[in-house]
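Dear colleague,

Please find below the structure that I am handing over to you. My findings follow it, with the emphasis on the ligand site.

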Amino acid sequence: MTPQLSERAIILAPHGRDAAIAALILEEADLRSTVCTSLRDLVCELEKGAGFALLTEEGMRSDNLLPLARWLAAQPEWSDFPFVLLTRRGGGLERNPAAKRFLDMLGNVTFLERPFHPTTLVSLAQSALRGRKRQYEARARLEELHQGAERYRSLFESIDAGFCIVEVLFDDQGEPSDYVFVEANPAFERQTGLKNAVGRSMRSLAPAHEQHWFDIYGKVAVTGERIRFEQQAEALGRIWYDVYAFRVGEPEARRVAILFNDISDRRRIELALRRSEETLRAFNETLEERVEERTRALEHAQEALRQSQKLEAMGQLTGGVAHDFNNLLTPIVGSLDLLQRRGIGGEREQRLIEGAAQSAERAKMLVQRLLAFARRQPLQATAIDIGELVRNLADLVASTCGPRIKLVLELDPELPRANADANQIEMALLNLTVNARDAMPDGGTLTISVVCDDLSSGRPPDLRAGKYVHLSVTDTGIGMDQETIAKSIEPFFTTKGIGQGTGLGLSMVHGLAAQLEGAMTIDSAVGQGTAIHLWLPVTEDKPDQTPVGQDIVPSRVDKGTAMVVDDEQLVRESTAHMLSELGYHVIEAKSAEEALRLLDQPNEIDLLVTDHLMPGITGTELAIRIRATRPETRVLIVSGYAENIGVAPDLPRLTKPFKQSDLANTLARF
Ligand SMILES: Nc1ncnc2c1ncn2[C@@H]1O[C@H](COP(=O)(O)OP(=O)(O)OP(=O)(O)O)[C@@H](O)[C@H]1O
Ligand SMILES: [Mg+2]
């Protein structure tokens, strides 16, 4: 309806000039009007829309008021159409029954008695119009309300989210005990599986529904606090819901609106995601651990490499020095030996010579240990029974340790033989025994065990595959810290006082084990005692039956011609002297070349005693050349250290420095 129509006046005053005058008065007051000539016409105009109607009593005096009555009855609820009825002069309501009838029929009617003052009419018209405008406002609000309700309904019906309004019930203690469904949308059933919920209580629909659901809605109903949460409903099939709940209506009604969604899929995905994140994190953590472990292993390997390179360098240095010392010692030992044997000088001189010989002997031992550490000791490795060796040494070990140390032997009776040098192993064992004794000043237990290694733990990983005899010397002494362990095999490292230890014991044992292609390891901790392990390779060879250590008394029986070849003059002379005392006619040569030259002349020799390492042709080469033309010639290689390279293994050898008896013993054996 256009505003002009809805706010116009409709005038029905069929007699005289009433209508024209009324229209004029209204127009002067800025009010539009439409004049009708009949009641039918009036109803027609009313249907188009109007603000109010101005009627005369005469205009209403028609037989057919029915159409108007119908129109009035059919008004929408908001409409109560206003009329202004002009009555006759002196025709007040109380004296005018007809007017009373109009009041009943028209409802919202104001009477104006004629004649009237124009302003009265205008004022009544304006008041009627104001009333009509308020009706229009009511109409607008009603329409809005209607639309809102419509919207709510369609939303309620069509949304995917479950929606319901519940009335929470409380028990006598005021605790929420149940709730009844007041409304539920179609999605409610899809989301919960609960059918025909409206009017029924939750407990009757799902008796096992958890109490916390009732507590939550009870709180919302009481406090009016809105709440949003995610929760699993076990009783509804373990479904996870995202819920938004708020109070609706009057607080006393205890009604709660609940909007909710099934989020089980999302939760499942989240859970899977969390699990995979955890797996990833765990993987990352172990990755870090693994990297750390690798780094540690690498550092360990680098440290081991550094240590072994250091030992190697030390070995080369000490080996070189020891070799030179050996050459110096050979004539000293030889000459002192000679002076002793000849009984030169008086008793005092003999005592001095004895002292010098003992020092020379100690120097010789020292050099041997150095050579052992440098793995250059001339070794006589044969198949030996380490168990028997230990048994034979037991008395010596026990007396070395003293009464406060208990000696325990654990010897496997079925031991295979090990490829080792018996003398050197004895030396090693004594060294280890002394170390153990020194570590147990207040007494303790020393255990020597020998077993056949069955890949036991602690076996050094760099050991070549194969069987080993495992010899270990264990004490219950003070033990060592990590730093001491690392340094203990370095030559000259000792924690013992000056003159107490040379620091060569473990160096020697370590070098010896390595030279025998075995290994040595240390297992020790401060206050926990120490175990030194030796691994010696098992051999299938037959044991060597040659008796050792029996001095052969030199005899002056003529033994033929011996040639001594050595580039060191003092060594050569000393050896030559010993040989001549043993009954040889001696020819000396200061190099292999000179020896060959001498043999070009008609010189026959029975024995060749030669140094191995010499400038030019080596001793071994010389021996081979001489044997090529004189196969019956006996050959003895005298060597400062085990320079295996180039030494024929079948040639007899003697280690420098040596005494005359050592030389005689060796010569007697071949
Ligand atoms: N069984 C052990 N218990 C505790 N510490 C030991 C043991 N064996 C060796 N050590 C430590 O290792 C160091 C080096 O030992 P090593 O046998 O090489 O030399 P030493 O015993 O000091 O001297 P030497 O053996 O020449 O008499 C020792 O000084 C000691 O500190
Ligand atoms: Mg020692």
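Helices are taken here as DSSP runs of H or I with at least four residues, numbered from the N terminus. On that basis, helix 14 gives the most to the shell around ligand 1, with three residues. Please note that this is a predicted model.

The shell around ligand 1 consists of 19 residues, and the closest are Asn-435, Thr-494, Thr-495, Lys-496 and Thr-502. Helix 14 spans 422-439 and helix 16 spans 505-515; each of these supplies at least two residues of the shell. By residue class, the shell divides into 10 polar, six nonpolar and three charged residues.

Three polar contacts of the ligand may be of interest for your work. Two involve a nitrogen atom of ligand 1: a polar side-chain atom of Asp-475 lies 2.8 Å from such an atom, and a polar side-chain atom of Thr-530 lies 3.3 Å from such an atom. The backbone also takes part, with a polar backbone atom of Leu-504 lying 3.4 Å from an oxygen atom of ligand 1. Taken alone, ligand 1 exposes 590 Å², of which the protein buries 93%.

As for the overall layout, the domain assignment of the protein gives domain 1 (3-153), domain 2 (159-262), domain 3 (279-361), domain 4 (379-537) and domain 5 (560-668). Between domain 4 and domain 5, the C-alpha centres lie 37 Å apart.

Yours sincerely

Notes:
Residues numbered from 1 in each chain as written. Chains lettered and ligands numbered in written order. Predicted model: local features only at pLDDT ≥ 70, side-chain atom pairs only at ≥ 80, totals over all residues. Heavy atoms only, no water. Near = heavy atom within 4 Å. Polar contact = N/O pair within 3.5 Å; in protein donor to acceptor, adjacent residues only side chain to side chain. Areas by Shrake-Rupley, 256 points an atom, 1.4 Å probe, with all protein chains shown as cover. Nonpolar A, V, L, I, M, F, W, Y, C, P; charged D, E, K, R; others polar. Domains from an automatic or database assignment.
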